[in-house]
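Biologist: I'd like to learn how to read helix packing in a model like this one. Can you walk me through it?

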Amino acid sequence: MEIVRSIMSQYGFVESDQKEKADIVLLMTCSIRDGAEKKVWNQLKLIRSNSVNKRQIVGVLGCMAERVRHDLLEKRNLVNIVAGPDSYRDLPRLVAVASGGSNAINVQLSLDETYADVQPIRVDAESRTAFISIMRGCDNMCTYCVVPFTRGRERSRPIDSIVEEVRRLRDQGYKQITLLGQNVNSYRDMTSMDFPMNPSTTEDRVPGFKTVYKPKSGGLTFTSLLEKVADAAPDVRFRFTSPHPKDFPMQLIEFIASRTNLCKQLHLPAQSGDDETLDRMGRGYSRDLYLRLVDDIRIILPNVSLTSDFIAGFCGETEEAHQNTLSLIREVGYSFCFVFPYSMRGKTRAHHRLTDDVPENVKARRHLDSTTVFREEAMKLNQKLIGTEQTVLLEGKSKRDVAFSHGRTDGGVKAVFDNSKSQLNPGQYAKVLITEANSQTLKAEFIRETDL
Ligand code: SF4
């Protein structure tokens, strides 16, 4: 949405806070689950019924525009503009077409659009945190996932444009930057002339993990990018999401271990702990390979905080398969998991080849089981932190008691402490002693202000 804001403002459009009167209403959409799309349909009906501007133009942007383009324009008569994720530069023209009374559509996916030159990025000025998009699209073709169809092929922004943005944010006082991409650690800058001479630095995959595409070579990998951003802003914490486990070669893990400003928090989406389910999902690894990767990572990063994604009730998932997922969650011990009941999406390989045969009530129960188990393990992990000193980056004041501030540990866990004497501001680092813990939050005592 920041990209859209930037493009529209360059063409003289001004943001309104009165949706009912606005000349143009643009909705950014997600297609990843059926529930997300249902919300958009409801919003569209509300926008039309509440509008007091008879000439109001309504546009649907993003993945849903890509996926259900004709439905949006033809069947429901609620929408004037449909713009896919790679066509935001075309929005001013689409608005002009729609102003003339015609419907306007551009859902062309691109092989090279990264919006590298479009500023700004997503920022939260209050908490001094920012998000930078570094790559778009995905080549993995997991069978349940609509992203390769709505976002297109993988392409990465040139390193130099990312480093420039990092420097700008650092100069503006931002202290945490999250690098974003659909498959973020598959990043590969193919535009750079600065190719590494040592071929081992181009190694980008964990041995044994399979892909549906041929091995990629050349260019600068995610490790090179991390090196450049970590050097460009040594007092800024970096996180990244969302990665794929196959793209965590040990060289990358060793590099993360070597820098204090690269957070020791890794998202390692497993999706399932069952081999047959993983195979049907087309994830390219077995439970055993995944667990070996976790072990290897923990040898290099003993205090790493791992998070994950799981799908409950994927096509053909038996009760035994579900139990295998629960045992994986227990075995790994994640500090957080995103768990979603499976939602079949059109166009995906699962839609063509598999049957959505797990009843909704069973999906809901398995969803709850997985959430319960991950929370139990997260509680144990957080309680192990009691008595340890942690460096917390302050993000804001507690809503319940303004004397207290909250921030995140290096591992990404929320920590709350009494800041009434120290009076630190968001963007400052505090050394704290952890005194209490539940599955989501740590309570702490302030020790001193610190550098990263
Ligand atoms: S790696 Fe992620 S974005 Fe890509 S197809 Fe698989 S689930 Fe979708």
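Modeller: Sure, let's begin with a pair of helices. R287, Y290, L291, V294 and R298 in helix 11 touch N324, S327, L328, E331 and V332 in helix 12. Keep in mind that this is a predicted model.

Biologist: What classes of residue make up the contact of helix 11 with helix 12?

Modeller: That contact splits into five nonpolar, two polar and three charged residues.

Biologist: And how do I describe the geometry of two packed helices?

Modeller: You give the angle between their axes and the distance between the axes. Here, the axes of helix 11 and helix 12 (residues 319-332) come within 11 Å and cross at roughly 10°. That makes helix 11 roughly parallel to helix 12, since angles under 35 degrees count as roughly parallel.

Biologist: Let's try the other pair. How are helix 9 and helix 11 arranged?

Modeller: Same recipe. The axes of helix 9 (residues 250-258) and helix 11 (residues 287-300) come within 9 Å, with a crossing angle of roughly 30°. Helix 9 and helix 11 are therefore roughly parallel to each other.

Biologist: Is the crossing of helix 9 and helix 11 left-handed or right-handed?

Modeller: Helix 9 passes helix 11 in a right-handed crossing. On the helix 9 side the contact uses M250, I253, E254 and A257, while helix 11 brings in L293, D296, I297 and I300. By class, the contact of helix 9 with helix 11 has six nonpolar and two charged residues, and no polar ones.

Biologist: Let's zoom out. Into which domains is the protein divided?

Modeller: The assignment gives domain 1 (2-106), domain 2 (122-382) and domain 3 (389-450). For a pair of domains, look at separation, contacts and buried area. The centres of domain 2 and domain 3, taken over C-alpha atoms, are 27 Å apart. Between them, 21 residues of domain 2 are in contact with 20 residues of domain 3. About 1,500 Å² is buried between domain 2 and domain 3, and carbon and sulfur atoms give 47% of that area.

Biologist: Now the backbone. Which residues does a cis peptide bond join?

Modeller: T241 and S242, with omega at about 5°. S242 sits in the loop between strand 12 (237-241) and helix 9, the helix that passes helix 11 in that right-handed crossing.

Biologist: What is phi of R128, and where is R128 found?

Modeller: Phi of R128 is near 60°, a positive value in a residue other than glycine. You'll find R128 in the loop between strand 5 (122-124) and strand 6 (129-133).

Notes:
Residues numbered from 1 in each chain as written. Predicted model: local features only at pLDDT ≥ 70, side-chain atom pairs only at ≥ 80, totals over all residues. Heavy atoms only, no water. Axes fitted to C-alpha atoms, helices over the stretch in contact; angles between N-to-C directions. Helix = DSSP H or I, 4+ residues; strand = E, 2+ residues; numbered from the N terminus. Parallel < 35°, antiparallel > 145°, perpendicular 65-115°, else oblique. Left-handed = near helix turned anticlockwise from the far one by under 90°. Contact = heavy atoms within 4.5 Å. Nonpolar A, V, L, I, M, F, W, Y, C, P; charged D, E, K, R; others polar. Domains from an automatic or database assignment. Buried area = accessible area lost by both parts, 1.4 Å probe.
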